Amino acid sequence: MDILTNKSNGILTIEFNRPEKKNAITAAMYQMMADALREAESDAAVRAIVITGKPEVFTAGNDLDDFLKNESAEVGDRPVAQFMRALNVASKPVVAAVAGNAVGIGTTMLMHCDLVYAADNAKFAMPFTQLGLCPEFASSMLFPQMVGYQRAAEKLLLGEAFSAEEAYEMGLVSRVLPVNDLLPFAHGQAAKLAALPASSLRVTKRLMKESQAAAVNARMLEENKHFGEMLVAKEAKEAFTAFFEKRRPDFTKFA
């Protein structure tokens, strides 16, 4: 299974399990995660959720080959959009434990998690412009709010990778740990949450998020619209062709 799920002691763990492909996410994987998150909403036995990958890699982002096979589908109906909606509206606390590369949605999903911990080998990147695309998962709104406009612009416009230490200093993650300590620590934090009153956690999370819930949803829809249009544009075609041909893309021919 490319996505592993496990429920134990009130904690649902969702784990990327495709290390041979650097945990690149397929439509089927997005669907499994969306379904797991939706089921957790109505499962009283689940009191906290942990999302994690492998010690060597969190996720390389979208599996481009699989992603392009599904490009004809409406963006809002795709499993990736279902996953976005499910994580965005999750009422139970979500803990992310990130080791290795977290690319694209591997970084933007963290902005919708409640506690985010990184291993000292973690590396983050949102290379949307490098692929002729635009940000997703409301990151064009949430990331500037979180780290300030100039820092967000540097990461989103250039799309270059940044370290766990920089992510911590910016406020994207709340703690950096040795890779071997990461998952035990994250599960320990989730266990603390699972022991607390579920109603108190649910209301506290809602109070923190509801003031801009409508704006986040609207931004996700706007981003998805642009993303879908750009996905079939010439710049993205050049970026994907260059990726598969293992060469540098040439965007100079596009205005």
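1. In this predicted model, the buried residues of helix H6 pack against three elements, namely helix H5 (139-147), strand S9 and helix H7 (164-170). Helix H6 itself spans residues 149-158, and its buried residues are Ala152, Ala153, Lys155 and Leu156. An α-helix has 3.6 residues a turn, so residues three or four places apart point the same way. Just after helix H6 comes Gly159, which takes a positive phi of about 75 degrees.

2. Strand S9, against which helix H6 packs, belongs to an open sheet of four strands with the order S4-S6-S8-S9 and mixed pairing. The edges of this sheet are strand S4 (57-59) and strand S9 (162-163), each of which pairs on one side only. Strand S9 runs antiparallel to strand S8 (residues 123-125), and two bridges join them; in this pair, Phe124 stands opposite Phe162 in S9.

3. Strand S2 (residues 11-16) deserves a separate comment, as six of its six residues are buried. In a regular strand the side chains alternate between the two faces of the sheet. For strand S2 both faces are covered, with Ile11, Thr13 and Glu15 buried on one side and Leu12, Ile14 and Phe16 buried on the other. A reviewer may wish to look at Glu15, an acidic residue listed among the buried residues of the first of these sides.

4. Which strands pair with strand S2, and in what sense? Strand S1 (residues 3-8) pairs with strand S2 in the antiparallel sense over six bridges, whereas strand S3 (residues 48-52) pairs with strand S2 in the parallel sense over five bridges. Within the first pair Lys7 stands opposite Leu12 in S2, and within the second Ile14 stands opposite Ile51 in S3. The hairpin of S1 and S2 has two residues between the strands, and Asn9 takes a positive phi near 55 degrees there.

5. Is Ala34 buried or exposed? Ala34, which has its place in helix H1 (residues 27-41), has a relative accessible area of 0% and is therefore buried, the cut-off being under 20%. Leaving aside its neighbours within four places in sequence, Ala34 is in contact with Gln82, Phe83 and Ala86. Another residue to inspect here is Pro79, which is 45 residues from Ala34 in sequence, while the two lie 7.4 Å apart in space, C-alpha to C-alpha.

6. Turning to the whole, the protein chain has 11 helices and 10 strands. The radius of gyration is 18 Å, close to the 18 Å that the globule rule gives for 255 residues, so the protein chain is as compact as a globular protein of that length. Along the principal axes, the C-alpha atoms fill a box of roughly 60 × 40 × 35 Å. Among contacts between residues at least 6 apart in sequence, 70% join residues at least 24 apart.

7. Burial and surface can be read together: of the 255 residues of the protein chain, 49% count as buried, and the accessible surface comes to about 12200 Å², of which 55% belongs to carbon and sulfur atoms. As for charge, the protein chain carries 28 positive and 31 negative side chains, and the centres of the two sets lie 2 Å apart.

Definitions and conventions: Residues are numbered from 1 along each chain as its sequence is written. This is a predicted model: local features need pLDDT of at least 70, side-chain atom pairs count only at pLDDT 80 or more; totals for chains, interfaces and linings use all residues. Side-chain values use heavy atoms; hydrogens and water are left out. Two strands pair if DSSP finds at least two bridges between them. The radius of gyration is taken over C-alpha atoms; the globule rule is 2.2 Å times the number of residues to the power 0.38. Buried means under 20% relative accessible area, exposed over 50%, partly exposed in between (1.4 Å probe, protein chains only). Contact means heavy atoms within 4.5 Å. Accessible areas come from the Shrake-Rupley method with a 1.4 Å probe; for residues, only the protein chains shown count as cover. Lys and Arg count as positive and Asp and Glu as negative; His and the chain ends are not counted. The place of a charge is taken as NZ of Lys, CZ of Arg, CG of Asp or CD of Glu.
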